[in-house]
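Biologist: I am new to this structure and would like a close look at a single part of it, taken slowly and with its surroundings. Please choose a strand, and explain how the pieces around it fit together.

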Amino acid sequence: MKNRILETVGILEGLRDGCYHYDALHERAEYIEREFVSAGFMVQRDEFIFSGRSYRNIIATASGMESKGEWVLIGAHYDAVVDSPGADDNASGVAVMLEVARSLGPRKGIKFVAFTLEEPQPHSIHFLIGSKHFVDKMKSRGQIYRAVLILESVGYMSCKPESQLLPSLVKAPHVGDFIGVVGNKKADGIMTGFKESAKRYVPELKVVTYRAPARGFLLPETRFSDHAPFWDAGYPAVMITDTAMFRNPNYHTPFDTSETLSPDFMAQVAAALIHTVEGL
């Protein structure tokens, strides 16, 4: 598992922002679509226009995203910030998502989504563009999500003392060797399920959970990924993260490369998520 995840990260990493490397971004989208198809999924596009260009979220399900019923959604964004190859942020999240999809296969009630334009766009104040479009569209159609799990930078870890920074009022270890699960109040059951699944099936993976009050507005850093639009729409959602800028010194820099990531850590996150979804 870990070798395949690392291989996927290597394919995805590289300059692929939505502004200056538009073609590269769409090459990654096509790769993700092919991987979902090869795993047996029906793949659909949620397309939209931003600054005069077409972009797409990629949706993979067993029989189409229009199917009625309650969904469990696993998501990750595939774009990168300008001037960064984005291995941790967020090739790691997409690679783990694809590995979970391969392992679980198409199942009724499970939806995988690769979001685009999560990162802040140049000459603009906009970010989370793809996920906001998706959530607005799905809510208008009456789609119900009983669990949303967003993978956001899940490949970097460190066992060095004081390698983990912490926002104010957050209690957690000062060593960056854990995976964080950040959720809203409605997601308490999801956070508990992930932690219990990891303890039972992946005991080597340390898990720290944090419930963000007031939809994260009291700690804005908890809103820096595609789970935030789901919070705003009233869905139970979590961000699964290595904590990004609070741990990874390469965050949003040219040095965010696959060589800095831990294949074992990513495989552990994938295994814990697989069992969590099965439990849901």
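Modeller: A residue is called buried when its relative accessible area is under 20%, and exposed when that value is over 50%. The model is a predicted one, and the part I have chosen is strand 8, residues 237-241. In strand 8, 5 of the 5 residues are buried, so this strand is largely enclosed by the rest of the structure. In a regular strand the side chains alternate between the two faces of the sheet. Strand 8 can be read in that way, since Ala237, Met239 and Thr241 point to one side while Val238 and Ile240 point to the other, and all of them are buried.

The neighbours of strand 8 come next. Strands of a sheet pair through backbone hydrogen bonds, either parallel or antiparallel. Strand 5 runs parallel to strand 8 and is joined to it by 5 bridges, with Leu151 standing opposite Ile240 of strand 8. Strand 6, residues 178-183, runs antiparallel to strand 8 and is joined to it by 4 bridges, and here Gly183 is placed opposite Val238.

These pairings belong to an open sheet of 8 strands, whose order is 1-2-4-3-5-8-6-7 and whose pairing is mixed. At its edges are strand 1 and strand 7 (206-211), each of which pairs on one side only. From one strand to the next, the twist averages 20°. Helix 3 packs on this sheet, where it touches strand 3, strand 4 and strand 5, and its direction makes about 140° with that of strand 3.

A contact of Met239, one of the residues of strand 8, leads outward from the sheet. Ser225, which is found in the loop between strand 7 and helix 6, touches Met239 as well as Glu118, Leu128, Ile150 and Glu152, not counting residues up to four places away in sequence. Its relative accessibility is 0%, so Ser225 counts as buried. The C-alpha atoms of Ser225 and Phe115 are separated by 10 Å, although these two residues are 110 residues apart along the chain.

Helix 4 also meets the sheet, lying across strand 1, strand 2, strand 3, strand 4 and strand 5 and running at about 110° to strand 1. Its buried residues are Ile129, Gly130, Ser131, Phe134, Val135 and Met138, and the elements they pack against include strand 5 (144-152) and helix 6 (228-232). Helix 4 has 12 residues (129-140), which at 1.5 Å a residue should span 16 Å, and this agrees with the 17 Å between its end C-alpha atoms. Just after helix 4, Gly142 takes a positive phi of about 80°.

Helix 3 (residues 87-104), already met on the sheet, also has a helical partner: its axis comes within 9 Å of that of helix 7 (residues 263-279), and the two cross at roughly 45°. The two helices are therefore oblique to each other, and helix 3 passes helix 7 in a right-handed crossing. On the helix 3 side, the residues that meet helix 7 are Ser92, Val96, Val100, Ser103 and Leu104, and among those they meet in helix 7 are Met266, Leu273 and Val277.

A few backbone details deserve a careful look as well. Most residues other than glycine have a negative phi, and most peptide bonds are trans. In this model a cis peptide bond joins Asp89 and Asn90, with omega about 10°, and Asn90 has its place in helix 3. His123, in the loop between strand 4 and helix 4, has a positive phi near 60°, and this residue is exposed, with a relative accessible area of 75%. Glu162 likewise has a positive phi near 60°; this residue lies in the loop between strand 5 and strand 6 and is exposed, with a relative accessible area of 58%.

To return to the chosen part, strand 8 is largely enclosed, with parallel strand 5 and antiparallel strand 6 as its partners in the sheet.

Notes
Residues numbered from 1 in each chain as written. Predicted model: local features only at pLDDT ≥ 70, side-chain atom pairs only at ≥ 80, totals over all residues. Heavy atoms only, no water. Expected span 1.5 Å × (residues − 1). Buried < 20%, exposed > 50% of the residue type's maximum accessible area, 1.4 Å probe, protein only. Contact = heavy atoms within 4.5 Å. Pairing = 2+ DSSP bridges. Axes fitted to C-alpha atoms, helices over the stretch in contact; angles between N-to-C directions. Parallel < 35°, antiparallel > 145°, perpendicular 65-115°, else oblique. Left-handed = near helix turned anticlockwise from the far one by under 90°.
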